[in-house]
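Biologist: Could you take a close look at one part of this model for me? I'd like to hear about the charged pairs first, and then about whatever sits around them.

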Amino acid sequence: MADIIAVIVLVVLIGSSVAYIVKAKKSGVKCIGCPAGGSCPGSARTPKKKLEGRVIGRKTMKISGMHCAHCATDVTKILNQINGVRAEVNLSKGSARISYDREIGEDILKNAVEKAGYHVTQIC
């Protein structure tokens, strides 16, 4: 009897999971289970940005709130839109390695990331 109940519970759980995924895909969600509600950009490969001048410095930014590859791609694109900045985001470390060819204020970097909904915990 206990085996039958366990099988029924598993069937209900799997069925509801499949229904959730199907409903999410039909509504156009790109990233199922993403804390951003699926509104983060696609995981297309982001080309490496080239700086105009030689690199004069590097910083590492610790970022919380990135939970999937789409989030990391979003942060990469946001930072690379800043003139003079090239960023490489590492999702597993929750950080971005930033190279720059001109002086860039830390507040500019932090504001760009936080405006997108992520939290900067440290810049060093």
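Modeller: Sure, and bear in mind that this is a predicted model. Let's start with E52, which makes a salt bridge to R102, with 3.6 Å between the closest N and O atoms. The two residues are 50 apart in the chain and tie distant parts of it together: E52 belongs to the loop between α1 and β1, R102 to the loop between β3 and α3. E52 has 74% relative accessibility, so it counts as exposed. R102 comes out at 31%, so that one is partly exposed.

R102 has another partner as well. D101 forms a salt bridge with R102, and here the closest N and O atoms are 3.1 Å apart. D101 is buried, because its relative accessibility is 12% and the cut-off for buried is under 20%. Put the pieces together and you get a network of salt bridges linking E52, D101 and R102. As general background, side chains of opposite charge can pair when their charged atoms come close.

The count for the model is four salt bridges. One of them is between the side chains of K48 and E88, at 3.5 Å from N to O. This pair also links distant parts of the chain, 40 residues apart, with K48 in the loop between α1 and β1 and E88 in strand β2. K48 is exposed, because its relative accessibility is 65%, while E88, at 37%, counts as partly exposed.

Now for the strands. β3 covers residues 95-100, and five of its six residues are buried, so the strand is largely enclosed by the rest of the structure. β3 pairs with β1 (residues 57-64) in an antiparallel arrangement through six bridges, and one pairing to look for is R58 with its bridge partner S99 in β3. β2 (residues 85-90) also runs antiparallel to β3, again with six bridges; there, V89 has A96 of β3 as its bridge partner. The hairpin of β2 and β3 has four residues between the strands, and G94 has a positive phi near 65 degrees.

Next, the nonpolar core. The largest one has 20 residues, and those touching the most other members are M61, I63, L79, I98, L109 and V113. Two or more residues each come from β1, α2 (69-80), β2, β3, α3 (106-115) and β4 (119-123). α2 gives the largest share, four residues. Try picking out V113 on your screen: leaving aside neighbours within four places in sequence, V113 is in contact with M61, I63, V75, I78, L79, Y118 and V120. In soluble globular proteins, nonpolar side chains tend to be buried together.

Don't skip the surface, though. M1, I4, I5, I8, V9, L10, V12, L13, I14, V18 and V22 make a nonpolar surface patch of about 1,100 Å². Take I14 as an example: it is found in helix α1 (residues 2-26), and it counts as exposed because its relative accessibility is 54%.

So, if you go back to the part we began with, follow R102 to E52 and then to D101. From there, have a look at β3, where five of six residues are buried.

Terms used
Residues numbered from 1 in each chain as written. Predicted model: local features only at pLDDT ≥ 70, side-chain atom pairs only at ≥ 80, totals over all residues. Heavy atoms only, no water. Buried < 20%, exposed > 50% of the residue type's maximum accessible area, 1.4 Å probe, protein only. Pairing = 2+ DSSP bridges. Patch = residues over 30% accessible without salt bridge, like charges linked within 9 Å, V, L, I, M, F, W, Y side chains within 5 Å. Areas by Shrake-Rupley, 256 points an atom, 1.4 Å probe, with all protein chains shown as cover. Core = buried A, V, L, I, M, F, W, Y, C linked by side-chain atoms within 4.5 Å. Contact = heavy atoms within 4.5 Å.
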